[in-house]
Amino acid sequence: MGYIKQFYDFLKSILVSRILILELTKRDIQARYLGSYLGMVWAFLQPTVTILIFWFVFEIGFKSMPVDNFPFILWLMSGILPWFFISDSISNATNSIIDNTYLVKKVAFRVSILPVIKILSSLYIHIFFICFLFIMFFIYGFIPNIYNFQIIYYLFATVVLVLGISWITASLVIFLRDVGQIVAMLLQFGFWLTPIFWSAKIVPTHYQTYLKLNPFYYIVEGYRNTFIYHKWFWEDIYLTGYFWIVTLLIFSLGAIIFRKTRPHFADVI
C-alpha cells in the first residue's frame, strides 16, 4: 500500500503544479535548440532522418523480408520509436538537476519535478512521431483501429518507468558524475538486448522468459501489439502484472533515494 500511496501523492503534486510544469517544459524545449537556425525543427528532423535511413537501408538496400506479414519498416518503427522516447527521457532527465542548479537552491521549489519536465519535453516530440507512425501505417494500407487506443496506456506505463529510473540517476549523478556515462553505456546495452531490431521469436523458448524480465521488453512489444498484432495488454496478465510490480518498485525506490538525497543537493552542487 505504501507504493500506491507514494504514487498517488506524486500524481496529486503534479496536478497542483501543472501550470508551472507546462511552462517549464515549454522553456526546456525552446532552450534545447536556442541559437540554432532551425530551432525546434531539429527535435523532429534528427529522428526522422534516422528513420528514413533505416527505411532506405532495409527496404531498398537489403530488401528485408516482412515480419509476421508486416513490412519490416513498420515492424521496426513500432519498436524503435518507444526506445527513442525511453533513451531521450532517461538521458536528459539524468542531468536535469545539474542543468538547473539555480532552481535547486530555491527552498520553495519542488526539485522532484525537474526530471518530469525533461520527460514531458521528450514526450511532446514522441507524440509527433506517434502521429507519423499512424501516417506510415496508412500509407501502407493499414487504417487505425480500436486497438490503437491503448497507446495511451503504454505511454503512461513508459512515463512511470522512466521517471522512477530518472529519479535514481538524477540523484546519484550529483554525487558521482560518472553516472551519466554509465547511464549512456547501459542504454546502449539496453537497445541491443531489447527486441527492437530483432524478433523475440528467434530466441529459444526456454530463454524467452529471461528476455521478458527486461521491463523495456513490455513497452516495445506493447507498441507492436497496439499497431501490428492487435492484442490487448490485459491478455497477458502475468507479464502485465510483473511489469507493474517492477515499475512501481523502481518508482518507489527512485522516490526514496531522491527524498533522502535531496537535502544535500545544494551543498554538493
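**Close-up 1: Trp55 and the nonpolar surface patch.** Trp55 sits in helix H3 of this predicted model, where local features need pLDDT of at least 70, side-chain atom pairs count only at pLDDT 80 or more, and totals for chains, interfaces and linings use all residues. Residues are numbered from 1 along each chain as its sequence is written, and side-chain values use heavy atoms, leaving out hydrogens and water. Helices are DSSP runs (H or I, at least four residues), numbered from the N terminus. Trp55 counts as partly exposed because its relative accessibility is 32% (buried is under 20%, exposed over 50%, partly exposed in between, with a 1.4 Å probe and protein chains only). Together with Phe56, Ile60, Ile135, Ile139 and Tyr140, Trp55 makes a nonpolar surface patch of about 590 Å² (residues with over 30% relative accessible area and no salt bridge, nonpolar side chains joined within 5 Å; areas by Shrake-Rupley). Helices H3 (41–61) and H6 (113–139) each give two or more residues to this patch, and H3 gives the most, with three.

**Close-up 2: Helix H4 against helix H6.** The axes of H4 (residues 72–94) and H6 come within 8 Å and cross at roughly 170° (lines fitted to C-alpha atoms over the stretch in contact, with angles from 0 to 180 degrees between N-to-C directions). H4 is therefore roughly antiparallel to H6 (over 145 degrees).

**Close-up 3: A salt bridge in helix H10.** Here the side chains of Glu221 and Arg224 meet in a salt bridge, 3.6 Å from N to O (a side-chain nitrogen of Lys or Arg within 4 Å of a carboxyl oxygen of Asp or Glu). Both residues lie in H10 (residues 215–229), three residues apart, about one turn of the helix. Glu221 and Arg224 are both buried.

Key. Patch = residues over 30% accessible without salt bridge, like charges linked within 9 Å, V, L, I, M, F, W, Y side chains within 5 Å. Areas by Shrake-Rupley, 256 points an atom, 1.4 Å probe, with all protein chains shown as cover. Parallel < 35°, antiparallel > 145°, perpendicular 65-115°, else oblique.
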